[in-house]
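Here's a walk through the fold, chain by chain and then across both. Have the model open as you read.

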Amino acid sequence: MDNRGARSSADQRSPGARSSTDQRSPGGRGSTDQRFQGGRKPFIRKKVCRFCKTKGLTIDYKDAKALRPYLTERGRILPRRISGVCAKHQRMISTAIKQARNLAIVPFTVVSM
Amino acid sequence: MEKMYETVCIIRADAGEDVIKGIITKATATVEANGGHVVKLDEWGRRRLAYPIAKKHEGYYFVLNYKSRSEQSKELGRILRLNEDVLRYQTIAGVVGAEEAPKAEDSATKNEATKGDQNG
């Protein structure tokens with residue numbers, strides 16, 4: 001009983017405590033406040049690999065439409081830093097593109113007009 | 001040891017209909033000749049090539065999924081290589097039949113480079 005009471009009171013207190021630290025956080029540098037500080041910084045979207053996020057999403061070398069997002073206009077393989085794909089899936093994509101190139105599904109190069 | 005194989009083959013589009021059919025039946029027969037079996041035969045039909053092969057801009061594609069030993073796969077490769085009407089073929093081993101898996105094309109990526117690609 002005592003335990004439960006203590007827990008509930010802590011729960012009630014915590015939202016208020018959190019908001020106060022949140023307001024103070026830009027000045028202070030407490031170890032527990034750091035994650036709230038993070039929220040105040042300009043928000044940068046972290047790219048998440050689509051293939052890791054969606055289970056069952058496969059990379060198929062026969063599907064030209066699916067490979068298109070990972071090619072530049074000139075037909076080069078898009079770097080990972082732009083597509084945001086993880087290393088493992090980038091490897092799979094690059095092999096798939098190379099296989100598709102052999103079968104003339106995807107071009108090696110696109111010569112500009 | 002039996003393995004899954006996937007062979008994609010491009011035949012000259014200007015070859016006759018019976019020539020194309022002949023190559024496909026010969027390919028399936030080769031696989032099944034010595035105990036292998038065809039899981040799936042997918043004919044894409046006439047398709048534009050991404051770049052010209054042997055001065056041709058079109059090709060007749062078909063995909064053959066089969067389970068066999070490596071000898072049959074090699075034999076199929078030999079037959080396709082010797083055929084003059086076959087522009088190109090590619091065999092990939094150990095392909096798991098992922099027919100039901102959703103395709104990557106359904107959801108578009110959000111990066112700017114691809115947007116530029118689509119617009120330009």
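Of the 113 residues in chain A, 17% count as buried, meaning that 20 or more other C-beta atoms lie within 10 Å of a residue's own; 12 or fewer makes it exposed, anything in between partly exposed, and the C-beta atoms are placed from the backbone. In chain B, buried residues make up 23% of 120. This is a predicted model, so a few ground rules apply: local features need pLDDT of at least 70, side-chain atom pairs count only at pLDDT 80 or more, and totals for chains, interfaces and linings use all residues. Residues are numbered from 1 along each chain as its sequence is written, while chains are lettered from A and ligands numbered from 1 in the order in which they are written.

Chain A has six helices and zero strands, taking helices (H or I, at least four residues) and strands (E, at least two) as DSSP runs numbered from the N terminus. Contacts in chain A with a separation of 6 or more come to 57% from residues 24 or more positions apart; a contact here is a pair of C-beta atoms, placed from the backbone, within 7 Å. Take Asp63(A), which sits in the loop between α3 (50–53) and α4 of chain A. Is Asp63(A) buried or exposed? Neither quite: Asp63(A) is partly exposed, because 17 other C-beta atoms lie within 10 Å. Its C-alpha is 7.9 Å from that of Ile105(A), although the two are 42 residues apart in sequence.

Chain B is another story. It has three helices and four strands, in the order β-α-β-β-α-β-α along the sequence. Among its contacts between residues at least 6 apart, 75% join residues at least 24 apart.

The four strands make an open, antiparallel sheet, ordered β2-β3-β1-β4 (chain B). At the edges are β2 (37–53) and β4 of chain B, each pairing on one side only. On average, neighbouring strands of this sheet are turned by 20 degrees against each other, direction ignored; axes are lines fitted to C-alpha atoms (for helices, over the stretch in contact), and angles run from 0 to 180 degrees between N-to-C directions. Two strands count as paired if DSSP finds at least two bridges between them. The pairings look like this:

| Strand pair | Sense | Bridges | One bridge pair |
|---|---|---|---|
| β2(B) and β3(B) | antiparallel | 11 bridges | Val38(B) and Tyr66(B) |
| β1(B) and β3(B) | antiparallel | 10 bridges | Glu6(B) and Asn65(B) |
| β1(B) and β4(B) | antiparallel | seven bridges | Ile11(B) and Val86(B) |

The hairpin of β2(B) and β3(B) has two residues between the strands, and Ala54(B) in it takes a positive phi near 50 degrees.

Now for the helices of chain B. Lying across β1, β2, β3 and β4 of chain B is α1(B), which runs at about 20 degrees to β3(B). It has 17 residues and reaches 24 Å from first C-alpha to last, close to the expected 24 Å, where the expected span is 1.5 Å times one less than the number of residues. The buried residues of α1(B) are Ile23(B), Ala27(B), Thr30(B) and Val31(B). They fall within an arc of 100 degrees seen down the axis of α1(B), so they line one face of the helix; the arc is that of the directions from the helix axis to the C-beta atoms. On the face turned away from them, α1(B) carries exposed residues including Glu17(B), Asp18(B) and Lys21(B). What covers the buried side includes β1, β2, β3, α2 and β4 of chain B. After α1(B) comes Gly35(B), with a positive phi near 95 degrees.

What about α2(B)? Its buried residues include Gln72(B), Leu76(B) and Leu80(B). Those cover an arc of only 70 degrees around the axis, which puts them on the same side of α2(B). On the other side, exposed residues include Lys74(B), Arg78(B) and Arg81(B). Cover for the buried residues of α2(B) includes β1, α1, β3 and β4 of chain B.

Finally, the two chains come together in the largest nonpolar core, which has 34 residues; Leu67(A), Ile97(A), Cys9(B) and Ile10(B) are among those with the most contacts inside it. Such a core is a set of buried Ala, Val, Leu, Ile, Met, Phe, Trp, Tyr and Cys residues joined through C-beta atoms within 7 Å. Chain A elements α4 (64–67) and α6 (87–102) each supply at least two residues, as do elements of chain B including β1 (3–12) and α1 (17–33). Not counting residues up to four places away in sequence, Ile97(A) touches Leu67(A), Tyr70(A), Leu71(A), Ile77(A) and Val106(A).

Conventions
Two residues are in contact if their C-beta atoms, placed from the backbone, lie within 7 Å.
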